[in-house]
Amino acid sequence: MTETTPDENAPNSAHAPKIGLVSLGCPKALVDSERIVTRLRAEGYVLSPSYEGADAVVVNTCGFLNSAKEESLQAIGEALAENGRVIVTGCLGVEAGRIRDQYPDVLAITGPQAYEAVVEAVHKAVPRAHDPFLDLVPPDGVRFTPRHYAYLKISEGCNHSCSFCIIPHLRGPLQSRPFTDVMREAERLVAAGVQELLVISQDTSAYGVDLGYAETEWGGRQVQTRFADLAAALGSLGVWVRMHYVYPYPHVDQVLPLMAEGRILPYLDIPFQHASPRILKAMRRPAHQEKTLERLARWRAQCPDLAVRSTFIVGFPGETEEDFVQLLDWLSEARLARVGCFKYEDVDGAPANALPGEVPEEVKEERYARLMAHQQAISAKVLGARVGETLEVIVDDVDSEGAIARSHWDAPEIDGNVFIEDCEGLEPGDRLLATVTDASEYDLWASPVRQPAGTDA
């Protein structure tokens, strides 16, 4: 099961109905799980850390890739075997027939973002406790991340039609949250001790387009429901703000001054996916890699500390050796700080399945290994240039060997770490200055500067 904090300290927890949770997939799905559990806790349910102690188990599934679907089906089977009373939700829920065919005994199946339907299914399976107390839930809700950072989801769905992706089918078109709703949640999180907000959605830079960039009042002034205005407002809260899943639209240029001024982190997570114009066209992605390099150069001129991370797909149908070498050459020019790579696989319902030119698995493996080795050499040079610099870091964990922290360049769980041996007095969530003493292709080592981050030398 997903590791969660048991609710033994909740009032009347010994008699309250207990719900187990298995949460699979991306951070956006994790936020969905947090919302479900927050609602259940508000109604008097408590969270069980084990199958045995749960009155029912909710499995929040992933359905993006076929391998993820198989993992979700296995998780459902495990929950049924260990507990027997299972409610399925999430992206795989849109394939209810497939789930029922394999597991006819599941209690209920709902699709993604169906919070009310999940809670109603829990009500039917496990009647809720009488007279629940709303103060069982903290103001910032129930979260599965450490206390010092939190994901902030600003929209659902996506308006793109990438040939390898079925997210619009699973989660629908773009649906932006109102500006004031996002900011109120952000303020509650900061008031609860969060030091880093990780902004997520399927297309963060498209925020507000479905709402016509509606104007609203925030902080005593008129703002528009758009990416740049939201970034500026979040940057006024005094915590780290990290932007994920940003498409390189021209208006992204407007947030670079905020990064240069230190109001939001100099970090952009941009899913480039490839660099060959021919492959990008087959993917139904923007195919202007030269313009993208020019934009990266302009961004770095404005904000020299900018870190760009991205993900790429190798072995896409029709990808030739020439296409792949073009991707490697582009990476050499782009000098990205962080890169992830996936080997292409068919996704049920994706248009790319019908494309000719299937790439053999052994070729995918070989290209994956070459790309990662190529990027490791680039990352080693990029990070090596940081040795001797003093950076602000945030501490994630402290143990007998030292502190594990992250810099502005590092998102939790997907990027590197900053290892600090001299950790006396440090605790998770602390932000401090540290001088880099060594570097590898992924991580940094540093010594703390005994001075609070953000103060004058």
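Two strands are taken to pair if DSSP finds at least two bridges between them, and in this predicted model that rule yields an open sheet of 5 strands, ordered β2-β1-β3-β4-β5, with parallel pairing. At the edges stand β2 (46–47) and β5 (108–109), each of which has a single partner strand, so one side of each is left without a neighbour in the sheet. Within the sheet, strand β1 (residues 18–23) runs parallel to strand β3 (residues 56–61) and is joined to it by 5 bridges, and Gly20, for instance, has Val57 in β3 as its bridge partner.

Helices pack on this sheet. Helix α2 (residues 66–82) touches β1, β3 and β4, and its direction makes about 175° with that of β3, while α1 lies across β1, β2, β3 and β4 (86–90), running at about 175° to β1.

Helix α1 (residues 27–42) also meets helix α4 (residues 115–125), their axes coming within 10 Å and crossing at roughly 45°, which makes α1 oblique to α4. The crossing is right-handed, and in it Asp32, Arg35, Ile36, Arg39 and Leu40 of α1 meet Tyr115, Glu116, Val118, Val119 and Val122 of α4. Sorted by class, this contact has 6 nonpolar and 4 charged residues, with no polar ones.

Further along the chain, is helix α7 (residues 227–234) largely enclosed or left open, and why? Because 7 of its 8 residues are buried, α7 is largely enclosed by the rest of the structure. The buried residues are Phe227, Ala228, Leu230, Ala231, Ala232, Ala233 and Leu234, and what covers them includes the strands β6 (149–153), β9 (196–200), β10 (215–218) and β12 (240–243), together with the helices α6 (179–191) and α8 (256–260).

Definitions and conventions: Residues numbered from 1 in each chain as written. Predicted model: local features only at pLDDT ≥ 70, side-chain atom pairs only at ≥ 80, totals over all residues. Heavy atoms only, no water. Buried < 20%, exposed > 50% of the residue type's maximum accessible area, 1.4 Å probe, protein only. Helix = DSSP H or I, 4+ residues; strand = E, 2+ residues; numbered from the N terminus. Contact = heavy atoms within 4.5 Å. Axes fitted to C-alpha atoms, helices over the stretch in contact; angles between N-to-C directions. Parallel < 35°, antiparallel > 145°, perpendicular 65-115°, else oblique. Left-handed = near helix turned anticlockwise from the far one by under 90°. Nonpolar A, V, L, I, M, F, W, Y, C, P; charged D, E, K, R; others polar.
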